[in-house]
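Colleague: Could you walk me through one part of this model in detail? I'd like to have the wider chain in view before we zoom in.

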Amino acid sequence: MIRSVVVGIDGSAESRAAAEWAAREAKRRFLPLKLVHVWEATPEPMALAQLLGAEMQQRWSERSEMGVSPAEGWRSVLREVVEGLKTRHPGLDVSVEQVSGRPAEMLTDAAKDAELLVLGSRGLSGIGGFLVGSVGQAVVAHTEQPVVLVRAGEQAFGGPVVLGLDTDHPDDTVIAYAFEAAARRVTPLRVVHAWNLPPYFAYGLPADPELNAALGKQDAAALSEVLHRWKEKYPAVQVIEESPPGNAAVHLVEASREASLVVVGRRIRRRPLGAHIGPVTHAVLHHATAPVAVVAHD
């Protein structure tokens, strides 16, 4: 069975941006694109308003006044999205699947046979970054396939791929995803590994420049050691290694401003109540300004 790039579509600007990103990614991977729309029976007016935004609310209202049923309205929205994607991406195989149920559960299920799942993420202006909705968070926390979250208005096509790397517990799945993403985009891979300053920094004691320099060199060497075999495997990918001191999430969010994609990992926990995203990944999802790929790993 040919796997596909799957994108959740709900008619919102965020999901349309996700569909556009997913279409470009499907073409890079020479894979079909599947749009999945989860139908919930009679959504509450306020929930629908929050989901669709002002422009879609107006169009939905106009269709209602013309006697168009919700089911017909959704089919019209999906046809419009599909036609637009096929026009902008000639030759792309685009299909649509409509399912009924809870969005988080249905999207998680749809991801099981996918190469990756792409979702929209609602944007906030200013320093607030962007807010991952409850559906997106639930899907990320429970999906073992890579999940990419895209916000509306995303324009960063040509920047480097950024990888947040834990050198103490490096995972091949996460690293391979980042190298392959950079190779497909023919763009550099910027690998960021942040390390903690010595305890005296927190207590306001005088810094030890020599110790800081030694620790920085030690972490830089550890990063290079982890990446050595990957650079040999992907010789065409230019690798930029960075080992700054401080908070990993802060550095990754900063790096996202010039990135085409940020790649972070999520450890799989198969306990019934154990699924979670992790503090660094959680912060990056909420504040990065580029699409974020969350790669699950053991």
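What percentage of the 298 residues of the protein chain count as buried? After that, please take a close look at strand 10 and the strands joined to it.

Modeller: Happy to! Of the 298 residues in the protein chain, 46% count as buried; buried here means under 20% relative accessible area, exposed means over 50%, and partly exposed is in between, with a 1.4 Å probe and protein chains only. Two notes before we start. The model is predicted, so local features need pLDDT of at least 70 and side-chain atom pairs count only at pLDDT 80 or more, while totals for chains, interfaces and linings use all residues. Residues are numbered from 1 along each chain as its sequence is written, and side-chain values use heavy atoms, with hydrogens and water left out.

The protein chain has 10 helices and 11 strands. These are DSSP runs numbered from the N terminus, with helices being H or I over at least four residues and strands E over at least two. If we take contacts between residues at least 6 apart in sequence, 79% of them join residues at least 24 apart, where contact means heavy atoms within 4.5 Å.

Now to your strand. Strand 10 covers residues 261-267, and five of its seven residues are buried, which leaves the strand mostly covered. On one hand, strand 10 runs parallel to strand 7 (residues 161-164), with three bridges joining them. One bridge to look for in the viewer sets valine 162 against valine 262 of strand 10. On the other hand, strand 10 is joined to strand 11 (residues 292-297) by six bridges, and these two strands also run parallel. There, glycine 265 has valine 295 of strand 11 as its bridge partner. Two strands pair if DSSP finds at least two bridges between them.

From here we can follow the pairing outwards, starting with strand 7. Four bridges join strand 7 to strand 8, and the two run parallel. Valine 162 turns up again in this pairing, standing opposite arginine 190 in strand 8. So valine 162 has valine 262 as its partner in strand 10 and arginine 190 opposite it in strand 8. In a regular strand, side chains alternate between the two faces of the sheet. Strand 8 is covered on both faces: Leu189 and Val191 are buried on one side, and Arg190 and Val192 are buried on the other.

Next, follow strand 11 towards strand 6. These two pair in the antiparallel sense over three bridges, with leucine 149 standing opposite valine 292 of strand 11. Strand 6 spans residues 147-151, and because four of its five residues are buried, it is largely enclosed by the rest of the structure.

The segment just before strand 8 deserves a look too. Valine 186 sits in the loop between helix 6 (172-185) and strand 8 (189-192). Its phi is near 50°, a positive value in a residue other than glycine. Valine 186 counts as exposed because its relative accessible area is 75%, whereas Leu189, in strand 8, is buried. Back in helix 6 you will find glutamate 180, which is partly exposed because its relative accessible area is 31%. The C-alpha atoms of glutamate 180 and tyrosine 234 are separated by 8.3 Å, although the two residues are 54 apart along the chain.

A second loop elsewhere in the chain makes a handy companion to the one holding valine 186. Phenylalanine 30 lies in the loop between helix 1 (13-29) and strand 2 (33-39). Phi of phenylalanine 30 is near 55°, again positive in a residue other than glycine. With a relative accessible area of 77%, phenylalanine 30 is exposed.

One last stop follows on from that loop. Aspartate 93 is in the loop between helix 3 (70-88) and strand 3 (94-100). The C-alpha atoms of aspartate 93 and leucine 31 are 7.7 Å apart, with their positions 62 residues apart along the chain. Leaving aside residues up to four places away in sequence, aspartate 93 touches Pro32 and Leu33. Aspartate 93 counts as partly exposed because its relative accessibility is 49%.
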